[in-house]
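User: I am a first-year student and would like a close look at one part of this protein, together with its setting in the whole chain. Please explain it in connected prose.

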Amino acid sequence: MSAVLHGHDEHAHHGPAKGLMRWVLTTNHKDIGSMYLWFSFAMFLLGGSMAMVIRAELFQPGLQIVEPEFFNQMTTMHGLIMVFGAVMPAFVGLANWMLPLMIGAPDMALPRMNNFSFWLLPFAFTMLVSTLFTEAGGPNFGWTFYAPLSTTYAPESVTFFIFGVHMMGISSIMGAINVIATVLNLRAPGMTLMKMPLFAWTWLITAFLLIAVMPVLAGCVTMMLMDIHFGTSFFNAAGGGDPVLFQHVFWFFGHPEVYIMILPAFGAVSAIIPAFSRKPLFGYTSMVYATGAIAFLSFIVWAHHMFMVGIPLVGELFFMYATMLIAVPTGVKVFNWVATMWQGSLTFEAPMLFSVAFVILFTIGGFSGLMLALAATDVQYHDTYFVVAHFHYVLVPGAIFGIFAAAYYWLPKWTGHMYDETLAKLHFWMSFVGMNLAFFPMHFVGLAGMPRRIPDYNLQFADFNMVSSIGAFTFGVTQFLFLFIVIKCIRGGKPAPAKPWEGADGLEWTLPSPAPYHTFSTPPAVK
């Protein structure tokens, strides 16, 4: 291995082995960023195909194409793969590519750990997806895997699921350590924290969230493992345990996790909107503090997922008010993005279209979140499609549109070519229409009482579900257009200038600091 690393291996100089080993052993942040992005897109298509199974089944009432048991496996795997396999690795890929460039570092601080943190993921998800091919079938207990359903009544494959989750968690923690070490140690001279682009800030804060909560998830699945195989009763009431303990531990991880999935998107959009508005970001400092406030508050709202389990009234009140409070820093951010666009000379290239849609649709998701935060009315919304509508309005236009916006924005930097703007706009509009058709009707069927995670439904919900399914398939098919656009851009196209968004006066690098120094070389003499 050391011979290969130092280029002395006889196969390293010719043949396909060289091409393969370059990717297996690479410590280059751009290579690793690219691998994360490709991996996350593959997982996006896989998780999306599972959503297509769900929407095909729900196209009309009655049981159509899959058994209820397999339907449950699809809802579970769709959630797990989209959260841990698509959204999180995509943002880690963006961080790997862009953070060193933004702060003037030669690479990530811990390049070999960077390589390791990526290569854990294909094994973790192979482990997870392989459960679908076992005799017992894959996990069938929902992506939140509540005990005792996931401990006492789960298929045997739950053990592989737990191992997969552990590997993902280790990967996330290593990625987060790397981000923190890089941002705190490898900034160019003159690049103070308050001069960093907001993407660097949001990722720094996200990395601290990851380090705080991934061990909690690891503890949660370890307690499951002990209950299943070693006779403990953490979550088994018959042995003196408490199933509600599972929910507390899970959501103490789970709520910060949803902010882990959105904060980097906040950072990307905070770079894109100023560039296409031709003016600096409004209220930079308040954006940094708002991000910190969101991160802090995300730790004290977890039980708003648990209004129906019988926590004391004073607990419900606390979590209700804390949840509503988190709307304040989020509102500050939305205000700042709108104020940035206000009276700017706007143009609407693909990154800007996705960013504007992000702001509008994420805000809609935020409003339904405020409704769900009310303990008294949550009795009506709980476990209906209204909840599904809410979190998909946060995660699809939020996380996914944020990733698309960032990809289009930085593709010219990555590839040296401009992407096809006409096709990119087509991708945006089809995604926009498909996404809204898929998820907006869910608010209506949810308020009318349609329960989630059930493969059949009452006749009264038929029309809205048909619309939802058509929208979902539109959104799904459109993502192959994105794949085509990216490959076309990589293979050629109009050469990208040094400042790809020249009309934006190169505002994507609004750095009031000196030119980057490679931190590993000798710094200039301090005057």
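Analyst: The following account begins with the whole chain, turns to its nonpolar core, and then looks closely at one residue, with another for contrast.

The model is a predicted one. Its protein chain contains 17 helices and zero strands. The radius of gyration is 23 Å, close to the 24 Å that the globule rule gives for 527 residues, so the chain is as compact as a globular protein of that length. Along the principal axes, the C-alpha trace spans about 70 × 60 × 45 Å. Of the 527 residues, 55% count as buried. Considering contacts between residues at least 6 apart in sequence, 82% join residues at least 24 apart. The accessible surface comes to about 21,800 Å², and 71% of this area belongs to carbon and sulfur atoms. As for charge, the mean positions of the 19 positive and 23 negative charges lie 19 Å apart.

The interior can be described through its largest nonpolar core, which has 173 residues. Among those that touch the most other members are Phe-84, Trp-203, Trp-337 and Phe-401. Helix H4, residues 68-103, supplies the largest share of this core, with 21 residues. Phe-401 illustrates how such a residue is surrounded: leaving out residues up to four places away in sequence, Phe-401 touches several residues, including Phe-354, Leu-361, Phe-428, Phe-432 and Phe-475.

The part chosen for the close look is Ile-205, which lies in helix H7, residues 198-229. Ile-205 has a relative accessibility of 13%; because this value is under 20%, the residue counts as buried. Apart from its neighbours within four places in sequence, Ile-205 is in contact with Leu-263, Val-288, Thr-291, Gly-292 and Ala-295. A distance along the chain can also be set beside one in space: Ile-205 and Lys-195 are ten residues apart in sequence, and their C-alpha atoms are 15 Å apart.

His-382 offers a contrast. This residue is found in the loop between helix H14 (375-381) and helix H15 (385-415). With a relative accessible area of 30%, His-382 is partly exposed, whereas Ile-205 is buried. When residues up to four places away in sequence are not counted, His-382 touches Met-308 and Val-387. Finally, His-382 and Phe-91 are 291 residues apart along the chain, and 30 Å separates their C-alpha atoms.

Note on methods: Residues numbered from 1 in each chain as written. Predicted model: local features only at pLDDT ≥ 70, side-chain atom pairs only at ≥ 80, totals over all residues. Heavy atoms only, no water. Helix = DSSP H or I, 4+ residues; strand = E, 2+ residues; numbered from the N terminus. Rg over C-alpha atoms; globule rule 2.2 N^0.38 Å. Buried < 20%, exposed > 50% of the residue type's maximum accessible area, 1.4 Å probe, protein only. Contact = heavy atoms within 4.5 Å. Areas by Shrake-Rupley, 256 points an atom, 1.4 Å probe, with all protein chains shown as cover. Lys, Arg positive; Asp, Glu negative; His and termini not counted. Charge placed at Lys NZ, Arg CZ, Asp CG, Glu CD. Core = buried A, V, L, I, M, F, W, Y, C linked by side-chain atoms within 4.5 Å.
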